[in-house]
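Below are my notes on the model, set out as numbered points. Please read them alongside the coordinates.

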Amino acid sequence: MDVDGGNKRVYNRLGADAKHQKVCFHWQAGKCNRYPCPFLHSEVPSSNANGTSSKRPYENSGFSGPRRSPNFNNTWGRGGGRGGAAGGGGGRGVVVKADKVCNYWIQGNCSFGERCKFLHSWSVGDGFSLLTQLEGHQKVVSGIAFPSGSDKLYTGSTDETVRLWDCQSGKCIAVVNLGGEVGCMISEGPWVFVGIPNFVKAWNTQNSMELSLDGPLGQVYALVVNNDMLFAGTQDGSILVWKFNVVTNCFEPAASLKGHSRGVVSLVVGANRLYSGSMDNTIRVWNLETWQCLQTLTEHTSVVMSVLCWDQFLLSCSLDKMVKVWYATQSGNLEVTYTHNEEHGIVTLCGMHDSQGKPILLCSCNDNTVRLYDLPSFAERGKIFTKQEVRAIQAGPNGIFFTGDGTGQVRVWNWTAEPTTTIQ
């Protein structure tokens, strides 16, 4: 579903090529021996249009719903302009031999060793590392869930199974055959919800209760929970809503939201609003009290694959190769305040915090990479390489996060402490 054509990523730091604006990591460590060195041997502060630092304090930074903040839009992308800044920044120069993983290293027989001009690693960048790989699914991993109070990881796939993994041993301890492709999976408290064609399956991991919610027409592509309400985005363009009844201990139908002309593939809740991204290239904003559509956002030109709330903003990505950042004006309507461009279609977004508590955006592209960016600067933090595109990313406890790709492989990653540097 990639979109052909498009311009190269815009490098827009101080009007120069981004490669030469990265600070040399070896110089910061006091041991650079390259002359001439292609990276900076000095700290270059990035600034916004008003000449002030584009970096924001990270305390109180959370993934929450958009609120009105019309004066805040000039902090995005370092300089506050439109177009995707993508070079490394903040003292994090990433030095690699080539932006490609060695095929011989993957097969375990590269004879060049350290002299190989290609990467012998599944990632580049600082502050995170690969812990282990979980093998078992035969097709695309479409959902990952880590229910609270459980020591089991749940993964769903288009191979029509859900797998349970023991978090201590990394072994698969159970395989549940669902008889239909898993379109999405989430957890909320002890509950795990799985979207399959025409149904949503629900499991309570504490009391082993199993429920099957009917009503969807076609594949269920997206799920989200808010205030005891479960929302499901479906293939026919509807959003079905169930409310949990604590007396009967079950989910009861509450509403059906109509408006999208094609399948709803992404959902998120924030600021008492539901945001839905669709194959019809639009995002709809819904009032959670009246169930009315308040606004339809039409700035994307292809499928809106993922929507995410961070701090006061809504972030959206699409196969049109763009991440758009939205904020609410005084009238309450959302408008684009920043656009970040990638070279390839964007499959999914996931927000989380690193080991220092800084907000990071993980951006999966259909060139089989996951890009990591600092927020709000969009300074590139690192990159993860995969055999096929990543469709599922999930944060876990204690600095762990998970990725699932098109081959069925699940990887477990760990946020690590970064080298201490002095920023002048």
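1. The lining of the largest pocket draws at least two residues from each of strand E3 (141-145), strand E7 (184-188), strand E11 (220-226), strand E15 (264-270), E19, strand E23 (346-353) and strand E27 (390-395). E23 gives the largest share, six residues. The lining comprises 50 residues, and Met185, Ile186, Leu223, Thr348 and Ile393 lie nearest the pocket centre. The space in this pocket is about 1500 Å³. A pocket here is an open set of points on a 1 Å grid over the protein atoms alone, where a 1.4 Å probe fits, with protein on both sides within 12 Å along at least five of seven lines; lining residues have an atom within 4 Å of a point. The volume is the space filled by probe spheres set on the points, with grid points joined across faces, edges and corners.

2. On provenance: the model is predicted, local features need pLDDT of at least 70, side-chain atom pairs count only at pLDDT 80 or more, and totals for chains, interfaces and linings use all residues. Numbering starts from 1 along each chain as its sequence is written, and side-chain values use heavy atoms, leaving out hydrogens and water.

3. The chain has two helices and 29 strands; these are DSSP runs numbered from the N terminus (helices H or I, at least four residues; strands E, at least two). Of its 424 residues, 54% are buried (under 20% relative accessible area; exposed is over 50%, partly exposed in between; 1.4 Å probe, protein chains only). Among contacts (heavy atoms within 4.5 Å) with a separation of 6 or more, 47% are between residues 24 or more positions apart. The exposed area is about 18600 Å², of which carbon and sulfur atoms supply 46% (Shrake-Rupley method, 1.4 Å probe).

4. One open sheet has four strands in the order E19-E20-E21-E22, paired antiparallel (pairing requires at least two DSSP bridges between two strands). Strand E19 (304-310) and strand E22 (334-341) are the edges; each has a single partner strand, so one side of each lacks a neighbour in the sheet. From one strand to the next the twist averages 25° (axes are lines fitted to C-alpha atoms; angles run from 0 to 180 degrees between N-to-C directions).

5. Within this sheet, E19 and E20 are joined by six antiparallel bridges, one bridge pair being Val304 with Ser318 in E20. Their hairpin has two residues between the strands, and Asp311 takes a positive phi near 55°. Four bridges join E20 (residues 313-318) to E21 (residues 322-328), also antiparallel. Here Ser316 has Lys324 as its bridge partner, and Leu314 stands opposite Trp326. The E20-E21 hairpin has three residues between its strands, with Lys321 in the turn at a positive phi of about 75°.

6. How many residues of E20 are buried? Six of the six are, so E20 is largely enclosed by the rest of the structure. Phe313, Leu315 and Cys317 cover one side, and Leu314, Ser316 and Ser318 the other; all are buried.

7. Some backbone features should be checked. Leu375 and Pro376 are joined by a cis peptide bond with omega about 5°; Pro376 is in the loop between strand E25 (369-374) and strand E26 (380-385). Asn227, not a glycine, has a positive phi of about 50°. Asn227 sits in the loop between E11 and strand E12 (229-234) and is exposed, at 59% relative accessible area. Trp291, also not a glycine, has a positive phi of about 65°. Trp291 lies between strand E17 (283-287) and strand E18 (293-297) and is partly exposed, at 23%.
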